[in-house]
Amino acid sequence: THYIKIAVLQQNTDKKTPQTIFNKTQKVLPRKVGRIESSFVLYCVKNHCKGGNDMNSARKLYLDNIRWVTVVLVVIYHVVYMFNGVQPFGVIGPFREHQIQDGFQYLVYPWFMALLFVVSGMSARYYLQSHTTKQFLKDKTRKLLVPSTIGLFAFHWILGIYNLKISGGVDMTAIPKPVLYLITVLSGVGPLWYIQMLWLFSMLLLAIRKMEKDRVWDFCSKAPIWSIVLLAIAVYGSAQVLNTPIVTVYRFGIYGFCFFAGYFLFSHEEVIERLCKWWWLFDLAAAVLGISYTLRYFGENYAIAPVLNNIHACVYCWFAILGILTTMKNYADTTNSFTRWMAKKSWGIYIFHYLPIAVISYELHKHASDTPEVLVYLLVGIGAFAGAFLLNELISRISIMRWCVLGIKKEKNHVSR
């Protein structure tokens, strides 16, 4: 049994401060509090109580902004990639022999997925500060493993069909339908490789946490700036190992290093604060390295060794990560209605964007091959964002499909009493 003191307030007619006209104590029986009520109370405490915003200190706005901006870059990259003249596998192909827009791929490919793994590692640390290991395991399995496995059978096999059509050389009419379905499932992975690897790293993290018990994490908080810069050597070393042949996106060495660097190193606020003093130097170094890398290797296949994992690419990757983290912390640790909307939709955009790119690119190439180059890029680019948004809105409204494809659990509409 609990007792609460109720203050009844009356508003003066002259609109001055409300006055208490009487106090009384009322006996209140305990009852279960529903999710809607508890969420409302949390909102009130966070926004109207002194120090309330500290309750959600794990929400780093600059990380949300890094995430959605990087997803936008991924979409643009894939639009350019579909018509590139450098990496010939699984694409429509170039409009002409030399394309200056292909340079965009050299500028972003060495670092943008590595950056997402760093951010994911940081986010894993912040999540585990307020959730149990069991909650982490359950959430990551639902959000990452389910869409990248069950989602392939439920939806992404459609992408597999278009990947086979674009690649050519496969007579789908001659293959038995059950076998063809399995082939399209395997061919429909697309950008889901990232969340497959992220789930594996997350599970490995749980095992490491049991052994290190924050000793490594505490040690990393004292890392001086020079030692963090020298980790570019570790980036280079990790890029040489645990790389799968043929499907070269599965780079377990460097991406694993970046994930755990995010968790153990960059999740420390004091580390980020120390690095932020040198944001301009990191940006300058990244710009010089990126431009020189692009000029030096333009025309060579940037997605495979030795161009992908040489010392130039790895140092550029590391300085780009340091520059983006510190610059965004200094100047983009804020939010507005647009950034909140983009942060909310970025997951769906990432999951769905490649299907409209493949469909529109293939159909234009097959039925309107004389479409002007600029118009092709516009149609495919706009279609990628619009298609991803529409698919996200559609799938998220179908209960079983949103769990299979997006890892979104069913929301309960009732309030427990």
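Helices here are DSSP runs of H or I at least four residues long, numbered from the N terminus. By that count, Trp 403 of this predicted model sits in helix α18, which covers residues 399-406. Trp 403 comes out as partly exposed, because its relative accessibility is 32%. Together with Ile 150, Leu 394, Ile 398 and Ile 400, Trp 403 makes up a nonpolar surface patch of about 430 Å².

Moving to the helices themselves, α2 runs over residues 61-82, and its 22 residues should span 32 Å at 1.5 Å a residue. The end C-alpha atoms of α2 are indeed 32 Å apart, so expectation and model agree. Most of α2 is covered, with 18 of its 22 residues buried. Helix α4 (residues 112-130) can be put through the same sort of check: its 19 residues should span 27 Å, and the end C-alpha atoms are 28 Å apart, which agrees. Since 16 of those 19 residues are buried, α4 is largely enclosed by the rest of the structure.

Helix α15 (residues 337-352) has a bit more going on. At its N-terminal end, Asn 336 acts as a cap, with a side-chain oxygen 3.0 Å from the backbone nitrogen of Phe 338. Further along, α15 bends by about 45 degrees at Lys 345. Even so, the end-to-end figure agrees with expectation: 16 residues at 1.5 Å each should span 22 Å, and the end C-alpha atoms are 23 Å apart. Lys 345, where the bend falls, is itself one of the buried residues of α15. The others on that list include Thr 339, Met 342 and Ser 346, along with Gly 348, Ile 349, Tyr 350, Ile 351 and Phe 352.

Helix α16 takes in residues 354-367, Ser 361 among them. Ser 361 counts as buried because its relative accessibility is 0%, and buried means under 20%. The side chain of Ser 361 reaches the backbone oxygen of Ile 357 at a distance of 2.6 Å.

A few spots in the loops have backbone geometry worth a look. Most residues other than glycine have a negative phi, and most peptide bonds are trans. Against that background, the peptide bond from Ala 305 to Pro 306 is cis, with omega near 5 degrees. Pro 306 is in the loop between α13 (279-297) and α14 (311-331).

Positive phi values turn up at two non-glycine residues, Lys 213 and Leu 242. For Lys 213, phi is near 50 degrees, and the residue is found in the loop between α7 (193-212) and α8 (215-220). Lys 213 counts as exposed because its relative accessibility is 58%. For Leu 242, phi is near 60 degrees, and the loop in question joins α10 (232-238) to α11 (252-266). Leu 242 is exposed too, with a relative accessible area of 57%.

Finally, there is a pairing across the sequence that involves helix α12 (residues 269-276), where Arg 274 lies. Arg 274 and Pro 224 are 50 residues apart along the chain, while their C-alpha atoms are separated by 8.3 Å. With a relative accessibility of 27%, Arg 274 counts as partly exposed.

How values were computed. Residues are numbered from 1 along each chain as its sequence is written. This is a predicted model: local features need pLDDT of at least 70, side-chain atom pairs count only at pLDDT 80 or more; totals for chains, interfaces and linings use all residues. Side-chain values use heavy atoms; hydrogens and water are left out. Patches are made of residues with over 30% relative accessible area and no salt bridge: like charges are joined within 9 Å, nonpolar side chains (Val, Leu, Ile, Met, Phe, Trp, Tyr) within 5 Å. Accessible areas come from the Shrake-Rupley method with a 1.4 Å probe; for residues, only the protein chains shown count as cover. A salt bridge is a side-chain nitrogen of Lys or Arg within 4 Å of a carboxyl oxygen of Asp or Glu. Helices (H or I, at least four residues) and strands (E, at least two) are DSSP runs, numbered from the N terminus. Buried means under 20% relative accessible area, exposed over 50%, partly exposed in between (1.4 Å probe, protein chains only). The expected span of a helix is 1.5 Å times one less than its number of residues. The bend at a residue is the angle between axes fitted to the seven residues ending there and the seven starting there. A polar contact is a pair of N or O atoms within 3.5 Å; within protein, one must be able to donate a hydrogen and the other to accept it, and residues adjacent in sequence count only if both atoms are side-chain atoms.
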